[in-house]
Amino acid sequence: MTSESWLMRRLRGGLPRVQAITRPWSIEASAEEHRHVVHAPAKRVVVCGDDPLAHRLIAELIEQYGVQVTAIMPSVRRRHGPEIAQLLADHGGRVVEADKPDIEAFQKADLGSADALALVKQDDIGNLDAALQAQEIHPGLRLVIRMFNLRLGQRVKRNFADVRVLSDAQMAAPAFVSEALGEVAPVHVRVAGRTLFVARRSEVRADDVVCGLASTAGDGEPDLLPGDQERADLVLAVATGERATTVLSRDDRGELPRRNHGRLRRWWRRQRHRPFATVRSLISRKLWVTALLLVGLLAAGTAIIAYHRHISWWNAAYVTLLSELVGASPDLQAHWLEKLVTTLLSLVSIALIPVITAAVVDAVVKARLAIALGRLREPLSDHVVVVGLGNVGTRVMHSFVDLGVPVVVIDRNDNARGAQAARERNVPFIVGDASNVETLRAASVDTCRALVVVSTDDQANLEAAIEGQELNPDLRVILRLFDGGFADRVQRAFGITASRSVSYLAAPAFAAALLEREVIGTIPVDRRVLLLAEAPVIAASELDGRPVAVAQDVGEVRVLSVTTDGGRQTVWAPPPTYVLRADDLLTVVTTRTGLGNLLAQTGGTVDGSR
């Protein structure tokens, strides 16, 4: 049977065409109108952690999917414990207080009857140890483990029957990098033999566009998955290998930009614009002022001697340097003013030599410290400064280095998680408080292209961002904040370029993984996120024997492809009349609410029933 005849038979399906909904949808409207669909009999999930990701994940599970949650945390009085405890109390959940998730804590949480376990503490080894103990209690349990070291995570997966290893830092880093560079987030995903990527509609050919993702025009919130696909300026496109030669912007001479210049070329270019910048960075401001004052006195004394002796400037300088500075014999017949100048010059000579010595010593010590600690050996320009070398900051740093973008990192802890990685990759590392102006100056924030502040302390992040703007009013500032409403207000009030929440970007993927749905990618759009996911059609479900239009009727869902016939056939951009059958696999781009609604229709309800 030819593929055309097979496709036509599926399209004919015998069912009337279902008209897709064209009115715009919002998250709030969809959640409210389809609450009866999404909130099927709930799964019970255990979440271990009390940090922002744990907080956001629990809220996601409860509010978007109606999941019953039990939380294990050290205390309900520290970190995000009070907010999590209140959220669970309002929705019939439980809290188990334990110093660490172990067998005793799992037994108190009744892990044996749970459907899934999320281990989301920022502790790779601790999470792995807890997963091994959980497996002893419930061997077939669905596990979702947060790990920074994904190489380690992939190696240990074989030890578990059902596990997903995810990195919130890896998910969030592209959003911070793209905002710093003023580009679209570098999201790429492989689907059914094709590589899909996110781009601006103007950057790709119309034939390569798979789906419109969002309309970002205007000052308000972006319109995700608009009914009119042509309005979407942010699109998902298929990679054909032709984009690189047509999309790259060119400079004023029509040449393609170069990111990787040799070190000598970059150094020479900086010297032409700031010839004494390197020397100034190695000698403190006080020594500079003192030295300049003494040199000024020498120059003034030379001028006076030249005037009163009626000799040339060269001869006066000669007399000053060889006689007065080294140690002149007093001349009692000299004019009183000359005597005064000679005396002053003698005093200047006594002070100048120690100052020169101190300047040399100061420069040598600073240079050695810079080399030992990886700090700036010379001022930079057009670079990116990253504040915070935790999980996210380390990922962001690696991304900039891989892209060939000069980067400087700041952290108040000399032994931060990414400190060793920064040294290994020869990234300048400033140890200090980023809310201190001198620390920012040491990182050349006044000449950088962007400041990315991603530490875990919201207050410190905001202070560093404001100080950075004071030094460089035109600076692109990308700020990490937990609370979305507060971030929006800060962005408007202080003119912050963008603010992002790591937990907000990562929580949807963690929640979907707990519910045994395959999320194959996340697409950050401003402070919101879209999911690329796969959902199988279960026999006798709502979509079995119905057209694709029904799947998109739930709102906030776009069906990219349907894989059928045991994975041997993939139909891209299926028309609304295409009839779905049991065991078909839908690949969709969707919001969190849309995914929950779709699962209910495909038969993959949140309680796992079929």
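Between which helix and which strand does the loop with aspartate 110 lie? Aspartate 110 lies in the loop that runs between helix 6 (103–108) and strand 4 (116–119); helices (H or I, at least four residues) and strands (E, at least two) are DSSP runs, numbered from the N terminus. The model is a predicted one, in which local features need pLDDT of at least 70 and side-chain atom pairs count only at pLDDT 80 or more, while totals for chains, interfaces and linings use all residues. Residues are numbered from 1 along each chain as its sequence is written, and side-chain values use heavy atoms, with hydrogens and water left out.

The chain as a whole comes before its parts. The chain has 23 helices and 22 strands. Of its 610 residues, 49% count as buried, where buried means under 20% relative accessible area, exposed over 50%, and partly exposed in between (1.4 Å probe, protein chains only). The exposed area of the chain is about 29,700 Å², and carbon and sulfur atoms supply 53% of it; accessible areas come from the Shrake-Rupley method with a 1.4 Å probe, and for residues only the protein chains shown count as cover. Among contacts between residues at least 6 apart in sequence, 66% join residues at least 24 apart, contact meaning heavy atoms within 4.5 Å.

Helix packing is the next topic. Two packed helices are described by the angle between their axes and the distance between the axes. Axes are lines fitted to C-alpha atoms, for helices over the stretch in contact, and angles run from 0 to 180 degrees between N-to-C directions.

Helix 4 (residues 52–65) packs with helix 21 at an angle of about 55 degrees, their axes 8 Å apart. The two helices are therefore oblique to each other; angles under 35 degrees count as roughly parallel, over 145 as roughly antiparallel, 65 to 115 as roughly perpendicular and the rest as oblique. The crossing of helix 4 and helix 21 is right-handed. A crossing is left-handed if the near helix is turned anticlockwise from the far one by less than a right angle, and right-handed if clockwise. On helix 4 the contact is made by Pro52, Leu53, Arg56, Leu57, Glu60, Leu61 and Tyr65, and on helix 21 by Ser503, Tyr504, Ala506, Ala507, Pro508, Phe510, Ala511 and Leu514. By class, the residues of this contact divide into 12 nonpolar, 1 polar and 2 charged. Here Ala, Val, Leu, Ile, Met, Phe, Trp, Tyr, Cys and Pro count as nonpolar, Asp, Glu, Lys and Arg as charged, and the others, Gly among them, as polar.

Isoleucine 62 is also in helix 4. With 7% relative accessibility, isoleucine 62 counts as buried. Its C-alpha is 9.9 Å from that of alanine 511, although the two residues are 449 apart in sequence.

Helix 4 also packs with helix 23 (residues 592–602), at an angle of about 55 degrees and with the axes 10 Å apart. That makes helix 4 oblique to helix 23, and the crossing is right-handed. Glu60, Gln64 and Tyr65 of helix 4 make the contact with Arg592, Thr593, Leu595 and Gly596 of helix 23. This contact has 2 nonpolar, 3 polar and 2 charged residues.

Helix 21 has a further partner in helix 9 (residues 168–181), with an angle of about 130 degrees and axes 9 Å apart. That makes helix 9 oblique to helix 21, and their crossing is right-handed. The contact joins Asp168, Met171, Ala172, Ala175 and Phe176 of helix 9 to Val502, Leu505, Ala506, Ala509 and Phe510 of helix 21. Its residues comprise 9 nonpolar, no polar and 1 charged.

Just before helix 21 (502–514), serine 501 sits in the loop that follows strand 17 (498–500). Serine 501 counts as buried, at 4% relative accessibility. Serine 501 and leucine 481 are 5.4 Å apart, C-alpha to C-alpha, and 20 residues apart in sequence. Arginine 480, in strand 16 (residues 476–480), is buried at 13% relative accessibility. Leaving aside neighbours within four places in sequence, the contacts of arginine 480 include Phe176, Asp458, Arg500 and Val502.

Two loop residues remain. Aspartate 110 has a phi near 55 degrees, a positive value in a residue other than glycine, and is partly exposed, with a relative accessible area of 40%. Asparagine 426, in the loop between helix 17 (419–424) and strand 14 (429–431), is not a glycine either and has a positive phi of about 60 degrees. Asparagine 426 counts as exposed, at 57% relative accessibility.
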